[in-house]
Amino acid sequence: MSDLTADPPAMEDFSDRTVARRDRLDLIRTQLKATRVPRDAFGYIPGVGGKVHDAYEEFVAGCGTATEMASETVLSLAQAVHQAAQALLQTDQFNAEDISTGGQRPGAS
């Protein structure tokens, strides 16, 4: 027998905290949209201002994409942990019922 144990309530708590992290990531993504600046924000020096702006926009867009991907990943993790906790609880309940009925299921012959 394995010494592996699980704590479904702790797993649910972790899942809830993870969803809260996802919510913070979504807030960051929204705040990143506010960092957009007009094309002339870096000046009118021919050949320079536009390049700086393009690099800045690429950076901000990359941060937004990375934050969105992290948000989706964190949400997937939270959902997987929640499902694992629920499966453990159902297995425990099934095993408890099996022990209490001596392995006999209602309606089984």
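**Two helices and one aromatic pair**

Let me begin with the packing of the helices: in this predicted model, helix α1, covering residues 8-33, packs against helix α2, covering residues 49-100, at an angle of about 165 degrees, and their axes are 8 Å apart. Since an angle over 145 degrees counts as roughly antiparallel, α1 is described as roughly antiparallel to α2. The crossing of these two helices, α1 and α2, is left-handed, and the residues that make up the contact of α1 with α2 divide into 19 nonpolar, seven polar and six charged.

Let me now turn to a single residue, R22, which lies in helix α1. Is R22 buried or exposed? Its relative accessible area is 19%, and because buried means under 20%, R22 counts as buried. If we leave aside the neighbours within four places in sequence, R22 is in contact with S71, V74 and L75.

That brings me to the aromatic rings, where the count comes to one aromatic pair. The partners are F42 and Y56, whose rings are 5.5 Å apart centre to centre, with 55 degrees between the planes, so that the pair is classed as tilted, given that only angles over 60 degrees count as edge-to-face. Where do F42 and Y56 lie? F42 is in the loop between α1 and α2, whereas Y56 is in helix α2, and so the pair ties together parts that are 14 residues apart in sequence. As for accessibility, F42 counts as partly exposed at 33% relative accessibility, and Y56, at 25%, likewise counts as partly exposed.

Notes
Residues are numbered from 1 along each chain as its sequence is written. This is a predicted model: local features need pLDDT of at least 70, side-chain atom pairs count only at pLDDT 80 or more; totals for chains, interfaces and linings use all residues. Side-chain values use heavy atoms; hydrogens and water are left out. Axes are lines fitted to C-alpha atoms, for helices over the stretch in contact, and angles run from 0 to 180 degrees between N-to-C directions. Helices (H or I, at least four residues) and strands (E, at least two) are DSSP runs, numbered from the N terminus. Angles under 35 degrees count as roughly parallel, over 145 as roughly antiparallel, 65 to 115 as roughly perpendicular and the rest as oblique. A crossing is left-handed if the near helix is turned anticlockwise from the far one by less than a right angle, and right-handed if clockwise. Ala, Val, Leu, Ile, Met, Phe, Trp, Tyr, Cys and Pro count as nonpolar, Asp, Glu, Lys and Arg as charged, and the others, Gly among them, as polar. Buried means under 20% relative accessible area, exposed over 50%, partly exposed in between (1.4 Å probe, protein chains only). Contact means heavy atoms within 4.5 Å. Rings of Phe, Tyr and Trp (its six-membered ring) pair if their centres lie within 6.5 Å; planes under 30 degrees apart count as stacked, over 60 as edge-to-face and the rest as tilted.
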